[in-house]
Amino acid sequence: MTELAICSSCGEQHSISDIELSFKRPDDFLLVPREEREQRTQANNDLCAIWGDDDASHRYFVRGLLPLSVEEWGESYSVGVWLEVSRPTFDRIRQLWSEPDQTQEPAFPATLANALPFHASTSGLAGNLHLTGPDTRPEFQLHPAAHTLFLEQEHGISAHRASEYSEYATG
Ligand SMILES: [Zn+2]
């Protein structure tokens, strides 16, 4: 096993996380009162819809990954996030769900539907959703923004930060 560096922030050693922070549902899904969810929502571990009062106010979500590179580990820490998309995008993603060549599809516009810890509100941050294959989750790339989460994705995070996300996940 490789010797792990001592973290200069906390003096611990941070190994590659087994548990990555992952959101079970879009934040707005959880705001629907539990007793109304059967009527007003439809969700599984990959896709989610919240039904509005009319066709124009239905909302659609896809589960994806927000990769943050960790230099010390030489690999990415991926936060499991929900991404809100338009109805045409939602339909197209479902159509391509099992297609091996889905990676050829141009990226889709999407917005982040979860509030990550340690940042000012991340809900609604815009970016691109890329399909990565029938057996892997789509990946989300934030558009440049004056936001600390964009900076983390652009420049990568420390192993210490990754461990903070994981500690938050395990509560
Ligand atoms: Zn540390």
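A donor, in the sense used here for a metal site, is an N, O or S atom within 2.8 Å of the metal. In this predicted model, the zinc ion has such donors in Cys7 (SG), Cys10 (SG), His14 (NE2) and His160 (ND1), which coordinate it at 1.9 to 2.3 Å. Along the chain, the donors follow the spacing C-x2-C-x3-H-x145-H. The angles among the four donor atoms run from 102 to 115°, and the site is tetrahedral. For comparison, the ideal angle for four tetrahedral donors is 109.5 degrees. Of the coordinating residues, Cys7 and His14 can be described further: both are buried.

From the metal site the account passes to helix 3, which spans residues 87-96. Which residues of helix 3 are buried? They are Thr89, Phe90, Ile93 and Leu96. These residues lie on the same side of helix 3, because they cover an arc of only 135° around its axis. Pro88 and Gln95, by contrast, are exposed and sit on the face turned away from the buried side. The cover over the buried residues of helix 3 includes strand 2 (47-50), strand 3 (59-70), strand 4, strand 5 (108-112) and strand 6 (126-130).

Several of these strands merit a description of their own. Strand 5 and strand 6 pair in the antiparallel sense over four bridges, and within this pairing Pro109 stands opposite Asn128 of strand 6. Strand 6 also pairs with strand 7 (residues 139-142), again in the antiparallel sense and over four bridges. Here Leu129 stands opposite Phe140 of strand 7.

Strand 4, which comprises residues 75-85, contains Glu84. The side chain of Glu84 is joined to that of Arg59 by a polar contact of 2.7 Å. Apart from its neighbours within four places in sequence, Glu84 is in contact with Arg59, Tyr60, Phe61, Ala110, Thr111 and Ala113. Among these partners, Arg59 thus appears both in the list of contacts and in the polar contact.

A final residue to consider is Gln39, located in helix 2 (residues 37-40). Is Gln39 buried or exposed? Its relative accessibility is 68%, and Gln39 therefore counts as exposed, since the cut-off for that class is over 50%. Gln39 and Trp51 are twelve residues apart in sequence, and their C-alpha atoms are 8.2 Å apart in space.

Technical notes
Residues numbered from 1 in each chain as written. Predicted model: local features only at pLDDT ≥ 70, side-chain atom pairs only at ≥ 80, totals over all residues. Heavy atoms only, no water. Helix = DSSP H or I, 4+ residues; strand = E, 2+ residues; numbered from the N terminus. Polar contact = N/O pair within 3.5 Å; in protein donor to acceptor, adjacent residues only side chain to side chain. Contact = heavy atoms within 4.5 Å. Buried < 20%, exposed > 50% of the residue type's maximum accessible area, 1.4 Å probe, protein only. Arc of directions from axis to C-beta. Donors = N, O, S within 2.8 Å, 3.2 Å for Na, K, Ca; no water. Tetrahedral: all angles 85-135°; square planar, octahedral: opposite > 155°, others 65-115°. Pairing = 2+ DSSP bridges.
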